[in-house]
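User: I am new to this structure and would like the labels explained. Please show it, and then I will ask how each label is reached.

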Amino acid sequence: MRAARLIKMVLLLQARPSMTAAELARELEVSERTVARDVLSLSEAGVPVYADRGRTGGYRLIGGYRTRLTGLARSEAEALFLSGVPTALREMGLADAASAARLKVSAALLPELRDAARGAAQRFHLDAPGWYQEPEPPELLPALAEAVRDDRRITARYLRKGTEVTRELEPYGLVLKAGVWYLAARVEGDYRVYRVDRFTAVTAAAAEEAPTAAGGDTARDVRFDRDASFDLPAFWAARAAEFARSILSAEVVLRLSADGVRLLPYVTDRAAAREAIARAQEAAGPDEQGRLTVTLAVESREVAYAQLLALGPEGEVLAPAGLRDRMAAAARRMAAGYG
């Protein structure tokens, strides 16, 4: 732990012209007294750390000293490519690796480029979860992320329709979608998707004993051979489209005003709304009053009721009759409430 801290101190000083004891203490999460002891240790080890005295003083490296400790470890390199998603890094347990990777890259850059990381962070930020959501990071996410990185087979317990099942999985990748984590895994030769927050336990798959040529037994490696042709982004895009189609199992017929046509993609599935509007415009177009009749795919009548209320007077349900009656009753209650 101390050795890693000393290396980090050298990289910090290499990346900046000078740092005060307070700045180093804050970056290293130690006291200023510990910083002073670490500087003394570095000096004794031959690292030329110089202390500027006075109110504006601090520590700096002299003589153009540069460490060669800038090679990226695998986890650091992977974390670097995810460094624009800080929440995801923290949830997967990679925040420290990303910090070390950024320091190493910064230390290797020319002096005039060392503010690039800070400049990028001030200009670009990705906030993955949707509005009005405060998702709790799944407890088992770091364990799954480690298994994904190591291509390690796992035995997992998972809640499916309220029942806990046990599966042996080959974890291929993790996806963060609208604040929810999903695991893409191979099981029995087939690729499937699991919600990470439904895992109740994750352990390394039990190694089997295999006979050796000498007659003894040896433990089989619990890592799996990753299919090099597996493309996580392409797999996720296909499964997401398939899922979106599968849940839209019912239909409703709507008559929309011009404002209703504009609002529909914002209150229901966007792709389904745009497809329904395009079909209606091609088939018949708006009537003499400028209203467009569309047939919309929805998840269920219950979901459609909650979504289509948001259209207010800009949308009228024509079918099915049961949903139309329910919308009409809601409209009467609303009118009565407003007197």
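User: Why is Asp190 called partly exposed?

Analyst: Asp190 has a relative accessible area of 36%. Buried means under 20% relative accessible area, exposed means over 50%, and partly exposed lies in between (1.4 Å probe, protein chains only). The value of 36% falls in between, so Asp190 is partly exposed. This is a predicted model, in which local features need pLDDT of at least 70, side-chain atom pairs count only at pLDDT 80 or more, and totals for chains, interfaces and linings use all residues. Residues are numbered from 1 along each chain as its sequence is written, and side-chain values use heavy atoms, with hydrogens and water left out.

User: What makes Asp190 and Arg192 a salt bridge?

Analyst: A salt bridge is a side-chain nitrogen of Lys or Arg within 4 Å of a carboxyl oxygen of Asp or Glu. For Asp190 and Arg192 the N to O distance is 3.7 Å, so the pair qualifies. Arg192 is partly exposed, at 29% relative accessibility.

User: Which residues are joined into one network by salt bridges that share partners?

Analyst: That network consists of Arg153, Glu168, Glu170 and Arg186.

User: How do you know that Arg186 and Glu170 form a salt bridge?

Analyst: Their closest N and O atoms are 2.7 Å apart, which is within 4 Å, so the definition is met. Arg186 lies in strand β5 (residues 180-187) and Glu170 in strand β4 (residues 163-177), so the pair ties together parts 16 residues apart in sequence. Strands here are DSSP runs (E, at least two residues), numbered from the N terminus. Both Arg186 and Glu170 are buried.

Key: Helices (H or I, at least four residues) and strands (E, at least two) are DSSP runs, numbered from the N terminus.
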